[in-house]
2 protein chains.
Amino acid sequence: MDATAVQQVRAFNRTVAERIGALTDGFLGRGRPMGESRTLWEIGLGGTEIRDLRARLGLDSGYASRVLRSLEQEGLITVETSSGDGRVRYVQLTDAGRAERAELDRRADEVAWSFLEPLDAAQRDRLVTAMSDVQRLLLASMVDMAIEDPTTPDARWCIEQYFSELNTRFETGFDPSKSIPADTHELVPPRGALLIARLRGGPIGCGALKFHPGEPAELKRMWVAPEARGLGLGRRLLVELERHAKEAGTRVVRLETNRTLSEAIQLYRSSGYREVAAFNDEPYAHHWFEKRLR
Amino acid sequence: MDATAVQQVRAFNRTVAERIGALTDGFLGRGRPMGESRTLWEIGLGGTEIRDLRARLGLDSGYASRVLRSLEQEGLITVETSSGDGRVRYVQLTDAGRAERAELDRRADEVAWSFLEPLDAAQRDRLVTAMSDVQRLLLASMVDMAIEDPTTPDARWCIEQYFSELNTRFETGFDPSKSIPADTHELVPPRGALLIARLRGGPIGCGALKFHPGEPAELKRMWVAPEARGLGLGRRLLVELERHAKEAGTRVVRLETNRTLSEAIQLYRSSGYREVAAFNDEPYAHHWFEKRLR
DNA sequence: GCAATTCTCTGACTAAGGTCAGGAAAATGG
DNA sequence: CCATTTTCCTGACCTTAGTCAGAGAATTGC
């Protein structure tokens with residue numbers, strides 16, 4: 001635990017909390033409690049089901065109900081029973097609600113501008129760049145990874161995303177049935193493992209291992225959601241999978257990959273993988289890599 | 001108002017508020033309201049007068065009194081009448097209070113570390129660097145400047161700081177009585193102007209103008225507090241003083257300076273000042289500069 | 001010496017942001 | 001079809017973080 005780094009983070013937290021807090025509170029209040037403004041914002045232009053809204057904002061159902069009642073009385077929203085399921089209620093902005101939301105938007109822009117306005121052009125550039133760095137790295141630090149059951153909807157979703165990305169990127173397209181399979185039951189410990197990366201509860205990446213006792217383990221299904229790229233998650237997934245493989249007694253990890261996946265190839269090379277001769281007849285593969293764990 | 005920059009600032013605010021808020025609240029609560037924890041922290045190891053404490057935390061006197069009563073009942077602080085002034089009360093941490101404060105400190109460190117811990121060494125470095133940039137630039141954007149009365153204690157304090165800095169930096173030391181004077185009454189409009197920069201209410205820099213109708217105005221007393229250097233305040237003071245001078249009808253600004261003040265000389269050169277022959281016999285000056293305003 | 005001011009405390013009040021238990025209505029599982 | 005679950009609402013209650021008016025004691029200004 002690096003003490004000067006920690007002190008810098010604490011100084012940052014103090015300054016930023018002071019600056020953001022002072023401005024957003026009150027300024028975005030518009031005479032109504034912040035909770036109502038946040039809710040109004042979160043409903044969005046298209047409307048939402050109340051249960052979704054509650055989940056997104058983390059509200060108690062009683063509290064949410066009262067907040068919505070208050071917004072309804074102000075004439076900003078309408079609430080009606082959802083067409084599909086009679087228990088679920090659907091909330092939408094009225095014209096007045098949309099106008100109010102636009103005003104909140106305008107004010108949030110103004111708050112943001114007040115950060116930049118006192119600075120000269122060079123300082124503004126530096127601030128925006130540094131903010132984007134901080135934001136991306138904070139997002140990265142909010143991601144956590146765990147070995148999960150490959151049969152859950154989230155796990156299946158990740159693997160589907162992976163396949164659909166391969167299909168887009170390979171010159172030939174990608175048909176899973178023509179590739180060497182790695183069925184979900186092969187990814188359940190002790191035969192294998194599926195590692196899922198999550199941000200704010202939602203899945204944003206995965207990677208898998210297939211163990212072959214006495215032989216090298218295979219690395220499969222490495223995927224990171226497009227919006228989460230550039231955060232170093234690929235490397236973290238890889239490190240974590242290698243750690244896991246080693247704990248399971250694996251000495252060597254190997255993998256095959258397609259030539260269009262250049263970032264992945266880069267990652268493997270820079271992580272100590274060396275290219276070896278084809279060790280299987282995967283039709284979509286152009287490169288085969290291997291790494292001895294230590 | 002640059003829209004993409006504004007969007008980046010908003011994205012930053014959301015992410016950072018989410019991350020900092022979620023962690024600091026509760027984690028630093030220790031079963032007592034945040035207000036009490038903040039107060040406990042702010043009292044510090046040496047103790048404080050309640051009126052100072054109130055000013056620093058911006059608390060209502062009634063509210064502060066209740067918070068302190070509660071901390072007193074928990075056995076964390078003692079409150080006694082100040083020795084000097086019988087109205088003022090002095091608050092100090094007990095041993096238990098100091099232990100509690102140390103625990104808060106430890107937890108704040110832990111929160112900060114939780115930002116860094118998931119990242120690898122290179123990412124940590126980038127995060128700390130970017131945070132320090134953001135923090136400095138946000139501080140810069142919190143500074144505001146105004147023409148103020150040069151006779152107030154804050155104004156006098158700035159000018160004293162300026163003199164004491166000259167005294168430290170000049171090879172010969174600095175004695176104001178041997179220098180060409182610029183008495184406070186000469187810095188009152190319309191004869192002159194004193195610009196003061198403030199951060200969180202406290203003065204952190206100054207700069208002055210002396211007008212000579214029909215002749216160049218003189219720039220004097222440019223000073224920025226050491227802890228606020230590197231924020232571009234010198235340049236902002238200069239720009240603001242030039243703007244003010246121009247509004248007052250001045251065409252040319254000039255100044256003299258000592259060779260040891262290299263950052264200032266840099267600033268003048270890069271702001272369009274060109275060196276001219278000595279236009280006065282200021283004994284402490286080595287360089288004379290002039291700029292035509294437009 | 002006395003009026004005005006400063007500092008602290010108490011009591012009464014408020015708003016915001018919740019939590020919790022229970023009930024009604026609709027949907028679902030077997 | 002019936003028990004269980006899901007979704008939402010209502011009423012009762014709570015803590016936190018204040019604000020405001022007023023009073024008492026000490027100090028300061030003149």
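1. Met142(A) is buried, because its relative accessible area is 16%, and the cut-off for a buried residue is under 20%. The model in which Met142(A) is seen is a predicted one. Met142(A) belongs to helix α6 of chain A, which covers residues 121–142.

2. The surroundings of Met142(A) involve both protein chains. Setting aside residues up to four places away in sequence, Met142(A) touches Arg198(A), Leu199(A) and Arg200(A) from chain A, together with Glu18(B) and Arg19(B) from chain B. As regards Leu199(A), 57 residues of sequence lie between the two positions as counted from Met142(A), yet their C-alpha atoms are 6.2 Å apart in space.

3. The domain assignment of chain A deserves mention here. Domain 1 of chain A comprises 3–118, and domain 2 comprises 142–292. The centres of these two domains of chain A, taken over C-alpha atoms, are separated by 38 Å.

4. How are chain A and chain B related? A turn of 180° with a shift of 0.1 Å along the axis lays chain A on chain B with an RMSD of 0.2 Å. The two copies are therefore related as by a two-fold rotation axis. Within chain A, Ala130(A) has the C-alpha nearest the axis, at 2.4 Å from it. As to the interface, 100% of the interface residues of chain A are also interface residues in chain B, so the copies meet through the same surface.

5. DNA strand C has 21 residues around it, and those that come nearest are Tyr63(A), Asp85(A), Gly86(A), Arg51(B) and Arg66(B). Of the strand C atoms within 4 Å of the protein, 70% belong to sugar or phosphate, and the rest belong to bases. The residues of the surface near DNA strand C divide into 10 charged, 6 polar and 5 nonpolar.

6. Which elements supply the surface near DNA strand C? At least two residues each are supplied by α2 (34–43) and α4 (61–73) of chain A and by α3 (50–57) and α4 (61–73) of chain B. The element that gives the most is α4(B), with 5 residues.

7. Several polar atoms of the protein can be placed against DNA strand C. A polar backbone atom of Gly35(A) is 3.3 Å from a phosphate oxygen of this strand. In chain B, an N or O atom in the side chain of Arg69(B) is 2.9 Å from a phosphate oxygen of DNA strand C. Ser65(B) has a polar side-chain atom 3.4 Å from a sugar or linking oxygen of DNA strand C.

8. DNA strand D is surrounded by 21 residues, the closest being Arg51(A), Arg66(A), Arg69(A), Tyr63(B) and Gly86(B). Sugar or phosphate accounts for 72% of the strand D atoms within 4 Å of the protein, and bases for the rest. The surface near DNA strand D is made up of 10 charged, 6 polar and 5 nonpolar residues.

9. The contacts to DNA strand D can be listed by residue. A backbone N or O atom of Gly86(B) lies 2.7 Å from a phosphate oxygen of DNA strand D. Gly35(B) places a polar backbone atom 3.3 Å from a phosphate oxygen of DNA strand D. In chain A, a polar side-chain atom of Ser65(A) lies 3.4 Å from a sugar or linking oxygen of DNA strand D. The elements giving two or more residues to the surface near this strand are α3 (50–57) and α4 of chain A, with α2 (34–43) and α4 of chain B. Of these, α4(A) provides the largest share, 5 residues.

Notes:
Residues numbered from 1 in each chain as written. Chains lettered and ligands numbered in written order. Predicted model: local features only at pLDDT ≥ 70, side-chain atom pairs only at ≥ 80, totals over all residues. Heavy atoms only, no water. Domains from an automatic or database assignment. Helix = DSSP H or I, 4+ residues; strand = E, 2+ residues; numbered from the N terminus. Buried < 20%, exposed > 50% of the residue type's maximum accessible area, 1.4 Å probe, protein only. Contact = heavy atoms within 4.5 Å. Near = heavy atom within 4 Å. Polar contact = N/O pair within 3.5 Å; in protein donor to acceptor, adjacent residues only side chain to side chain. Nonpolar A, V, L, I, M, F, W, Y, C, P; charged D, E, K, R; others polar. Least-squares fit on C-alpha atoms with pLDDT ≥ 70 in both.
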